[in-house]
Amino acid sequence: SKFIGTLTLQFHHRFTETVALQKTTHLLNIGLMRLLDDIRIKEHHQLIQRILNGLREAILFVDVTNTNIFTNRVFHQLFPNWSPSENQSENLAFVIEAFESLILETDALYAYVEQIKVGFEHASVVPAQDFSMPDDRHLRLYAEFLPERQGILFVFRERTVEVNHAKKEQNFISVLSHELRTPLASIEGFSELMLHRSLSPSKQRKYLETMRSETQRLSQLLTEFLDYQRLSHQKESYHLESFCIEHMLIELTEWLNVATSTHHLQIQTNGPCLITADPEKIRRVLLNILNNAIKYSPVDSNIQVSLACCEAEVIITISDDGYGIPKQDLPYLFDPYYRVEHADHLQVQGTGLGLPICKEIIEAHGGRITVHSEVGKGSDFFIRLPRDEEWNTTNNMYKSSMNNLQLGSEERGS
């Protein structure tokens, strides 16, 4: 039914016996059958490869019947340095040989392959297992068996993002527990004193003020946690309106200069500048960065605030002469629950959620927030925000979250 090719035979001697002709015909028939089998096997392999390449998981398929192995594109993206073993066999030893340099827990891999062998023999389910890879990567591996023991599917899924997020959440819970325990202990201790001891009015007032301060601190911790959860899941509403960002910066710096006598805030602008954004959210970002500049700077130091009003965007720079941030910490500074493990930074209370919240707010507005810092030389935070609402439709990165935006000003369309 399908043309394969042409075979031409030339005989130098006549066939004198019918048996010889029959034998020759038989050999030609066997050769043709083998050729057809090779074509069918090749087409079968191509079909398997197309199916595997259509899957989203990283797959290594072991054809136990013919001791062949197949991998898909996602597999090679996950393991770019992978190369199959030259000694492929049904005992799956080549799996360990090929993955010894790619998976850190080699002994665990040996044990897991033994489980797969037992599961394959008895057609039983083998549970998934997690492994660590070089460069602090993590993956999950499980096996599926084809009917009638025809093959094994090794399915790999990278879990690096999940594992790192779980670690950060665990660190956050640890930090939050510590941060909650301290104010709770203070409130409990001072309330016990007031209940069971006779105190002078001045001491009572002092204890009550401390309890109120610790209560406010608890409230702030919970607010930051809930706000970040809401922002990170794009469940926050934004009320856009046109306002002058210069007036907001002047108001904040003047208020902080009055509220703190330990630092000096100076502002430099090139005049009034209107932007379209959520004023309360932007105020929160600016106040957070300014408060950080105060907390992480020595007493009597200066904090510089500058505003550049360009045609398409505004650039706000907040600079301090504080402790600075170690170079190795800079890439993770805006990650949730991350805190700099530097002696000067550990003295300052915090949850590690302030900067991630700022990042979520600025990026939801189509802007960017970056930092430049050196230990002992201070830090510079740069906030870029578009001036009008055109980012509402042109910023593809946050187009999906724009459905949550609500207009808060009747002047927006004017």
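User: On the other side of H7, which residues are exposed?
Analyst: This is a predicted model, where local features need pLDDT of at least 70, side-chain atom pairs count only at pLDDT 80 or more, and totals for chains, interfaces and linings use all residues. Residues are numbered from 1 along each chain as its sequence is written, and side-chain values use heavy atoms, with hydrogens and water left out. Helices are DSSP runs of H or I, at least four residues, and strands are runs of E, at least two, numbered from the N terminus. Exposed means over 50% relative accessible area, buried under 20%, partly exposed in between (1.4 Å probe, protein chains only), and on that side of H7 the exposed ones are Glu 254, Trp 255 and Val 258.

User: Within what arc do the buried residues of H7 fall?
Analyst: Buried in H7 are Ile 245, Glu 246, Met 248, Leu 249, Leu 252, Thr 253 and Leu 256. The arc is taken from the directions from the helix axis to the C-beta atoms. Seen down the axis, these buried residues line one face of H7, because they fall within an arc of 160°.

User: Which helix gives the most to the largest nonpolar core?
Analyst: A nonpolar core is a set of buried Ala, Val, Leu, Ile, Met, Phe, Trp, Tyr and Cys residues joined through side-chain atoms within 4.5 Å. The largest has 47 residues, and Ile 245 and Ile 282 are among those touching the most other members. With seven residues, the top giver to this core is helix H8 (residues 279-295).
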